[in-house]
Amino acid sequence: MTTEYSGSGDPVRSMELLWGGRATGTAGPRRGPRPRLTVEGITRAAVEVADAEGLTALSMRHVAERLGVAAMSLYTYVPGKAELLDLMLDSVSGETARPGQVAGGWRGRLEQVARENWALYRRHPWLVHMAAARPGLGPNMLAKYDYELGAVEGIGLTDVEMDSVLTLVLGHVTGAARGLVDAQEAERRTGMTDLQWWEAHAPLLEKVFDAERHPTAARVGAAAGAAHEAAYDPEYAFEFGLRRVLDGIGVLIGSRA
């Protein structure tokens, strides 16, 4: 699966589109007849394409087909795929729930953040193939970042540590989501569930694998396989890892008490 990169388009055009011209001082009412298309509608159609078929299927032509228009008509509103990706990323970033009160203190708040992002990846699996080392700077992404930082506000961490704790939690979610998407993609491509795949390969593995030579791998692999009915359970990995990550953050916070 090809990785796409956010923030790789024309920065001026991307900021104009994300902020409606406020970032470049070009905001204002448009004159003339109401346009047939809107940036919001184009973005929504692009998200629908990516949800259904993945980022490899995403193109200006494909989005235009979904909207029932000629591909060239999209370029009046969005200059290209790179800027469209920024719009898509910002759009779905507005979906996470942001309750004002969450029970359980900092741990409950971080868990809520993690679960909302986990759910976001499940709704939009293509997000795992979006590299955001240069994150989009749209209103939804910035509002999401501000809210999520609130989970660790006022608990004794420095500003840099607050950012790092949030990065740690979200990094765990992304890794678990990538495992989930990979498992789903493997089943889709092969037509076999993990259990069916292992049932087909186990007899072959038994002929070449020496359990006496690798006793730990034999014991642990058998236990994990029996528990998960697969070599890997993304849901279990997410839950187990989240608890361990929060435990580690608790040690850091406790050291500041």
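In which hand, left or right, does α6 pass α8? In this predicted model, the crossing turns out to be right-handed. The two helices pack at an angle of about 35°, and their axes lie 10 Å apart. On the α6 side, the contact is made by L110, V113, A114, N117, W118, Y121 and R122. Helix α8 brings V165, L166, V169, L170, V173, T174, A176, A177 and L180 to the meeting. Sorted by class, that gives 13 nonpolar residues, 2 polar ones and 1 charged one. Many of the numbers in these lists are spaced in a way that fits a simple rule: an α-helix has 3.6 residues a turn, so residues three or four places apart point the same way.

Now for the bigger picture. The protein chain has 257 residues, and 35% of them are buried. Its secondary structure adds up to 11 helices and 2 strands. Reading from the N terminus, the order is β-α-α-α-α-α-α-β-α-α-α-α-α. A box of roughly 80 × 50 × 25 Å, taken along the principal axes, holds the C-alpha atoms. About 14,800 Å² of surface is accessible, with 56% of that belonging to carbon and sulfur atoms. As for who touches whom, take the contacts between residues at least 6 apart in sequence: 76% of them join residues at least 24 apart.

Back to α6, which covers residues 105-123. Its 19 residues should span 27 Å at 1.5 Å a residue, and the end C-alpha atoms are indeed 27 Å apart, so expectation and model agree. The buried residues of this helix are W106, G108, L110, Q112, V113, A114, N117, W118, L120 and Y121. Their cover includes α5 (81-93), α7, α8 and α11 (234-255).

One of those covering helices, α7 (residues 139-149), packs against α6 at an angle of about 145°, with the axes 10 Å apart. This time the crossing is left-handed. Q112, V113, N117 and L120 of α6 meet K144, Y147 and E148 of α7. By class, this contact is made up of 3 nonpolar, 2 polar and 2 charged residues.

The other partner, α8, runs over residues 159-190. With 32 residues at 1.5 Å each, the expected span is 46 Å, and the distance between its end C-alpha atoms is 46 Å too, so the two values agree. Just after the helix comes G191, with a positive phi near 75°.

Two loop residues are also worth a look. V69 sits in the loop between α3 (60-67) and α4. Its relative accessible area is 15%, and since buried means under 20%, V69 counts as buried. Leaving out residues up to four places away in sequence, V69 touches R36, L37, A64 and L74. E111 is another story: 42 residues separate V69 from E111 in sequence, and their C-alpha atoms are 43 Å apart in space.

P79 belongs to the loop between α4 (71-74) and α5. At 33% relative accessibility, P79 is partly exposed, because that class lies between the 20% and 50% limits. Leaving out residues up to four places away, P79 touches R13 and L17. P11 is 68 residues from P79 along the chain, yet 11 Å separates their C-alpha atoms.

Notes. Residues numbered from 1 in each chain as written. Predicted model: local features only at pLDDT ≥ 70, side-chain atom pairs only at ≥ 80, totals over all residues. Heavy atoms only, no water. Axes fitted to C-alpha atoms, helices over the stretch in contact; angles between N-to-C directions. Helix = DSSP H or I, 4+ residues; strand = E, 2+ residues; numbered from the N terminus. Left-handed = near helix turned anticlockwise from the far one by under 90°. Contact = heavy atoms within 4.5 Å. Nonpolar A, V, L, I, M, F, W, Y, C, P; charged D, E, K, R; others polar. Expected span 1.5 Å × (residues − 1). Buried < 20%, exposed > 50% of the residue type's maximum accessible area, 1.4 Å probe, protein only. Areas by Shrake-Rupley, 256 points an atom, 1.4 Å probe, with all protein chains shown as cover.
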